[in-house]
Amino acid sequence: MGALFLRELRLSLRVGGGALIGVLFFLAVITVIPFGVGPDLNLLALIGPAVLWIGALLATLLGLDRLFQADRDDGSLDLMLMSGRPLEVLVLVKCLAHWAGTGLPLVLAAPVLSIFLNLEPLAIGAVALTLLAGTPALTLIGAIGAALTVSLRRGGLLLAVLVVPFSIPVLIFGVSASGAAVTEPTPFMTPFLLLCALTLISAVVGPVAAAMALRFSSD
């Protein structure tokens, strides 16, 4: 499992630019918003957490179509299916490696990019913490869509259509927790704990559903 994690991490960093492309796309989304909404600093601070979460969601979608596609093209997926090891565990390891290579850099970049949106230190910390807790759920949910579209050559658009609706609850609680950190008397822990619960549920449901889709696509 450790060797598979390291292999997937190296691939996620190499293929298509990996973390660099995701962070650059994240940066592009964040820098465009102030030009669209105007120079109102109070408005930017108000919508800042939502903008950061939407940017993280879109940046996460960039590399999801390659999560299983390369393994299918070079035959590695067939070897995983015939290895006798639980495919659900293999999928979970691949998702963790993919998040470490693409999602974690977004979490690390969020505090720096929050400066563009005039966020206060407390809001910056809340956004970074919610992204750390919620972006794994985006990857795990996206793994289901990646497994369903693995047999399609250009399934990136279909993948986004499939994944975005199921990512909305994660987006809602992530933005709610980020905003609650600076808006009194709204509690922070309630939406944050629900966000953590969604991540834990995704860690169970995502690999199982993705493994079922991969087995079906191989038949």
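**Helices, core and pocket**

Colleague: How far does α9 reach from its first C-alpha to its last?
Modeller: Helices are DSSP runs (H or I, at least four residues), numbered from the N terminus. The expected span is 1.5 Å times one less than the number of residues. For α9, with 30 residues, 44 Å is expected, and the model comes close to this with 43 Å.

Colleague: What is the least pLDDT for local features here?
Modeller: Residues are numbered from 1 along each chain as its sequence is written, and side-chain values use heavy atoms, without hydrogens and water. This is a predicted model, in which totals for chains, interfaces and linings use all residues, side-chain atom pairs count only at pLDDT 80 or more, and local features need pLDDT of at least 70.

Colleague: At which residue does α9 bend?
Modeller: The bend at a residue is the angle between axes fitted to the seven residues ending there and the seven starting there. In α9 this angle is about 30° at S202.

Colleague: Is A100 of α6 buried or partly exposed?
Modeller: α6 has a kink of about 40° centred on A100. Buried means under 20% relative accessible area, exposed over 50%, and partly exposed in between (1.4 Å probe, protein chains only). A100 has 22% relative accessibility, so A100 counts as partly exposed.

Colleague: Which helix gives the largest share of the largest nonpolar core?
Modeller: A nonpolar core is a set of buried Ala, Val, Leu, Ile, Met, Phe, Trp, Tyr and Cys residues joined through side-chain atoms within 4.5 Å. The largest one has 55 residues, of which F26, L52, F68 and L214 touch the most other members. Several helices supply at least two residues each, among them α2 (19–37), α3 (41–62) and α9. The largest share, 13 residues, comes from α7.

Colleague: How many charged residues are in the lining of the largest pocket?
Modeller: A pocket is an open set of points on a 1 Å grid over the protein atoms alone, where a 1.4 Å probe fits, with protein on both sides within 12 Å along at least five of seven lines; lining residues have an atom within 4 Å of a point. The largest pocket holds about 310 Å³, and among the 14 lining residues, I141, I144, F166, S202 and V205 are the closest to its centre. Nonpolar means Ala, Val, Leu, Ile, Met, Phe, Trp, Tyr, Cys and Pro, charged means Asp, Glu, Lys and Arg, and the others, Gly among them, are polar. The lining has eleven nonpolar residues, three polar and, of the charged kind, no residues.

Conventions. Points joined across faces, edges and corners; volume = space filled by probe spheres on them.
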